[in-house]
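Subject: Structure for you to look over

Dear colleague,

I am passing on the structure we spoke about, and below it I have set down what was found in it. Please read the notes with the model open beside you.

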Amino acid sequence: MTTTTPTLPATPVRARFRGSKPGFVLGLVLIGGIVALSLAAPLLFPQGYDVQDLTARGLPPTWFGEHPLGTDHLGRDYLARLAYGGRTLLLLSTIAVLVSTVIGIGLALTSVLAGTWLEVFVDRIADVQLALPSILVGIVVLALLGPSNPTLVLVLAVSSWVLTFRIVRAHARTLLHRPYIDACRLAGGSTRDIISRHLLPNTLPLVLVSASLNFAAIVLLLSGFGFIGLGVQPPSPDWGQLVAAGQAQLATHWWLSILPGLLLVALLVGIQLVSDHLSTRFAVTSLEGNR
């Protein structure tokens with residue numbers, strides 16, 4: 001009797017590229033370029049982002065001139081404003097991702113170890129969180145408390161903890177049935193030992209994937225707040241704020257909206273490519289570890 005090896009269907013080119021090493025490298029290049037520009041902003045533009053030159057208002061991009069990406073309606077160098085705007089965007093988004101990750105991990109591990117009633121209670125809170133549009137909740141909170149950086153971080157973190165919570169909870173629930181968890185308990189290990197020695201190390205790869213996905217969502221949400229005027233407040237620049245400010249002059253000064261929009265798209269594409277690669281890699285690792 002002969003056996004035939006089953007063949008998998010051909011993978012679409014787009015899906016193969018998104019989870020492949022070239023896609024991962026491209027994502028790192030896009031993210032690395034934007035991060036480098038943002039971090040180097042004080043060195044490249046020591047004069048800051050708000051220096052006005054009324055004799056150089058509305059200059060188009062000249063690439064190799066004094067203002068490579070042109071100027072705005074007040075004569076401010078647009079490359080400097082884009083660099084400092086990216087700096088603010090990345091800083092607030094990173095802090096929000098860290099806070100939301102800590103919240104998600106803490107609630108997930110606490111609810112799994114504490115018992116069914118707490119797990120059900122937190123899960124219902126997560127359902128309510130998912131049922132409410134993040135942009136709508138953010139608008140209400142920012143309108144009541146006022147748009148400030150701490151409030152923005154709070155809104156962004158609270159709107160994005162559910163993904164980490166559900167991923168960590170599902171994986172931690174399966175880990176609790178492993179023999180080494182029972183061995184740790186029989187050896188007199190405390191709940192802290194179970195978390196620090198077994199649950200956290202085994203869930204960190206999945207946490208990294210959820211954090212990368214949350215980062216893209218937070219960047220987009222923060223830019224959306226900036227676009228409607230509830231994000232980072234002037235004079236500090238923000239990409240969403242710059243897109244909104246330039247849309248009225250799109251026909252004559254196209255770069256004011258197009259350039260920050262392109263940077264935002266490049267950052268989101270880079271994050272998505274990296275997160276796709278990480279999710280593919282760690283999903284395989286997780287499956288092998290669960291056998």
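A salt bridge, as the term is used here, is a side-chain nitrogen of Lys or Arg within 4 Å of a carboxyl oxygen of Asp or Glu. By that criterion, a search of the whole structure finds nine salt bridges, and please keep in mind throughout that this is a predicted model.

First, the overall picture. The protein chain contains 12 helices and zero strands, and of its 291 residues 42% are buried. Among contacts in the protein chain with a separation of 6 or more, 72% are between residues 24 or more positions apart. The accessible surface comes to about 15700 Å², with carbon and sulfur atoms contributing 70% of that area.

Next, the packing around helix 8. Helix 5, which covers residues 116-131, packs against helix 8, residues 161-175, at an angle of about 145 degrees, and the two axes lie 10 Å apart; the crossing of helix 5 past helix 8 is left-handed. On the helix 5 side the contact is made by E119, V122, D123, I125, A126, D127, Q129 and L130, and on the helix 8 side by W161, V162, F165, R166, R169 and R173. Sorted by class, the residues of this contact are seven nonpolar, one polar and six charged.

Helix 8 also packs against helix 4, residues 78-114, here at an angle of about 35 degrees with the axes 8 Å apart, and helix 4 passes helix 8 in a right-handed crossing. The residues of helix 4 that take part include S100, I103, L107 and V112, and those of helix 8 include W161, F165, R169 and R173. This contact has 10 nonpolar, five polar and two charged residues.

Which residues are linked with D123 in a network of salt bridges? They are R124, D127, R166 and R169. Within that network, D123 forms a salt bridge with R169, the closest N and O atoms being 3.1 Å apart, and this pair links distant parts of the chain, since D123 belongs to helix 5 and R169 to helix 8, 46 residues apart. Both D123 and R169 are buried. D123 also forms a salt bridge with R124, where the closest N and O atoms are 3.0 Å apart. The two partners of that pair can be set side by side: D123 counts as buried because its relative accessibility is 13%, under the 20% cut-off, whereas R124, with a relative accessible area of 42%, is partly exposed.

A further salt bridge joins the side chains of R81 and D72, at 3.8 Å from N to O. Are these two residues buried or exposed? R81 is buried, with a relative accessible area of 3%, and D72 is buried as well, at 4%. As general background, side chains of opposite charge can pair when their charged atoms come close.

Finally, a note on one glycine. G224 is placed in helix 10, residues 191-227, and is partly exposed because its relative accessible area is 24%, which falls between the 20% and 50% limits. Its C-alpha atom is separated by 10.0 Å from that of V243, a residue 19 positions away along the chain.

With best wishes

Note on methods. Residues are numbered from 1 along each chain as its sequence is written. This is a predicted model: local features need pLDDT of at least 70, side-chain atom pairs count only at pLDDT 80 or more; totals for chains, interfaces and linings use all residues. Side-chain values use heavy atoms; hydrogens and water are left out. Helices (H or I, at least four residues) and strands (E, at least two) are DSSP runs, numbered from the N terminus. Buried means under 20% relative accessible area, exposed over 50%, partly exposed in between (1.4 Å probe, protein chains only). Contact means heavy atoms within 4.5 Å. Accessible areas come from the Shrake-Rupley method with a 1.4 Å probe; for residues, only the protein chains shown count as cover. Axes are lines fitted to C-alpha atoms, for helices over the stretch in contact, and angles run from 0 to 180 degrees between N-to-C directions. A crossing is left-handed if the near helix is turned anticlockwise from the far one by less than a right angle, and right-handed if clockwise. Ala, Val, Leu, Ile, Met, Phe, Trp, Tyr, Cys and Pro count as nonpolar, Asp, Glu, Lys and Arg as charged, and the others, Gly among them, as polar.
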